[in-house]
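Biologist: Could you walk me through this structure and say how each label is earned? I'd like every word set against its cut-off.

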Amino acid sequence: MKQYEYIHPIDEMERITRKDFCEKFDEILDRVSEENIGFVITDSESNDVVLCPAHWLTFPLDNDFGCIINSAVRYAIGRHTYMPSVACDFVRKYINILDERTVEVMIEDIDKELKLGIAQEELWVGLRNELIDRKKHMKKWEASQSE
């Protein structure tokens with residue numbers, strides 16, 4: 001598993017003006033990549049912008065990621081609190097990056113619980129339907145790649 005590297009604190013990043021950034025564009029981008037650093041691009045008239053390597057913001061998408069999401073859904077599905085909506089909103093937010101196995105497990109878990117009768121059934125049926133649609137989309141994409 002790839003070790004997550006923490007984002008560098010903004011207050012420790014080098015500051016450059018928008019003008020300097022434009023004038024030294026290639027040099028700045030090379031430094032960001034080669035030195036694994038970020039810059040705060042600033043001017044007095046506007047908000048600051050942070051330039052950093054894209055990998056600082058990537059998700060740790062390994063097997064543990066799907067397992068944790070499935071665990072959160074299993075925990076939330078039987079609750080009579082705000083937790084089901086939090087879990088469902090999280091899944092919806094990241095549904096496009098979930099792997100097929102994670103989606104399949106959630107569908108199976110929700111189906112099993114629906115047969116037993118659960119609180120907030122409408123919420124879970126909605127999520128289940130979205131997961132089924134996502135799975136269909138994944139299958140279509142796989143089929144198009146094999147042609």
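Modeller: Let's begin with contacts, meaning heavy atoms within 4.5 Å. Among those in the chain between residues at least 6 apart in sequence, 62% join residues at least 24 apart. Keep in mind that this is a predicted model: local features need pLDDT of at least 70, side-chain atom pairs count only at pLDDT 80 or more, and totals for chains, interfaces and linings use all residues. Residues are numbered from 1 along each chain as its sequence is written, and side-chain values use heavy atoms, with hydrogens and water left out.

Biologist: Which elements make up the chain, and in what order do they run?

Modeller: The chain has six helices and three strands. Helices (H or I, at least four residues) and strands (E, at least two) are DSSP runs, numbered from the N terminus. From that end the order is β-α-α-β-β-α-α-α-α.

Biologist: What makes the chain count as more spread out than a compact globule?

Modeller: Its radius of gyration is 21 Å, and the globule rule gives 15 Å for 147 residues, so the chain is well over that value and more spread out than a compact globule. The radius is taken over C-alpha atoms, and the rule is 2.2 Å times the number of residues to the power 0.38. Along its principal axes, the C-alpha trace spans about 65 × 45 × 30 Å.

Biologist: How much of the chain counts as buried?

Modeller: The share is 30% of the 147 residues. Buried means under 20% relative accessible area, exposed over 50%, and partly exposed in between (1.4 Å probe, protein chains only).

Biologist: Why is Met106 called buried?

Modeller: Met106 has 0% relative accessibility, so it counts as buried. Met106 sits in helix α5. Skipping neighbours within four places in sequence, Met106 is in contact with Ile69, Asn70, Val73, Val91, Leu98 and Leu131. Take Asn70: it is 36 residues from Met106 in sequence, yet their C-alpha atoms are 6.2 Å apart in space.

Biologist: What about Glu100, buried or exposed?

Modeller: Glu100 comes out at 16% relative accessibility, so buried is the word for it. Glu100 also lies in α5, and beyond its neighbours within four places in sequence it is in contact with Met138, Lys139 and Glu142.

Biologist: And why does Asp109 count as buried?

Modeller: Its relative accessibility is 9%, so Asp109 counts as buried. Asp109 is another residue found in α5. Its side chain is joined to that of Arg74 by a polar contact of 2.5 Å. A polar contact is a pair of N or O atoms within 3.5 Å; within protein, one must be able to donate a hydrogen and the other to accept it, and residues adjacent in sequence count only if both atoms are side-chain atoms. Not counting residues up to four places away in sequence, Asp109 touches Arg74 and Ile77.

Biologist: How do you know that the span of α5 agrees with what is expected?

Modeller: The expected span is 1.5 Å times one less than the number of residues. For the 17 residues of α5 that should be 24 Å, and the end C-alpha atoms are 25 Å apart, which agrees. At the start of α5, a side-chain oxygen of Asp99 reaches to within 3.1 Å of the backbone nitrogen of Arg101. Just after α5, Gly117 takes a positive phi of about 90°.

Biologist: What do the buried residues of α5 pack against?

Modeller: They pack against α3, α4 and α6.

Biologist: Which residues touch the most other members of the largest nonpolar core?

Modeller: Of its 19 residues, those are Val91, Leu98, Met106, Trp124, Leu127 and Leu131. A nonpolar core is a set of buried Ala, Val, Leu, Ile, Met, Phe, Trp, Tyr and Cys residues joined through side-chain atoms within 4.5 Å. Helices α3 (63–77), α4 (83–94), α5 (100–116) and α6 (121–146) each supply at least two residues of this core. The largest share, five residues, comes from α3. Apart from this core lies another, of eight residues, among them Ile28, Phe39, Ile41 and Leu51.

Biologist: How many disulfides does a search of the whole structure find?

Modeller: Zero. A disulfide is a pair of cysteine sulfur atoms within 2.5 Å. The sulfur of Cys52 is 18 Å from the closest cysteine sulfur, in Cys22, which is too far for a bond. Cys67 is in no disulfide either, with the nearest cysteine sulfur, that of Cys88, 18 Å away.

Biologist: Why are Cys52 and Cys67 called partly exposed?

Modeller: Cys52 has 22% relative accessibility, so it counts as partly exposed. Cys67 has a relative accessible area of 45%, so it is partly exposed as well.
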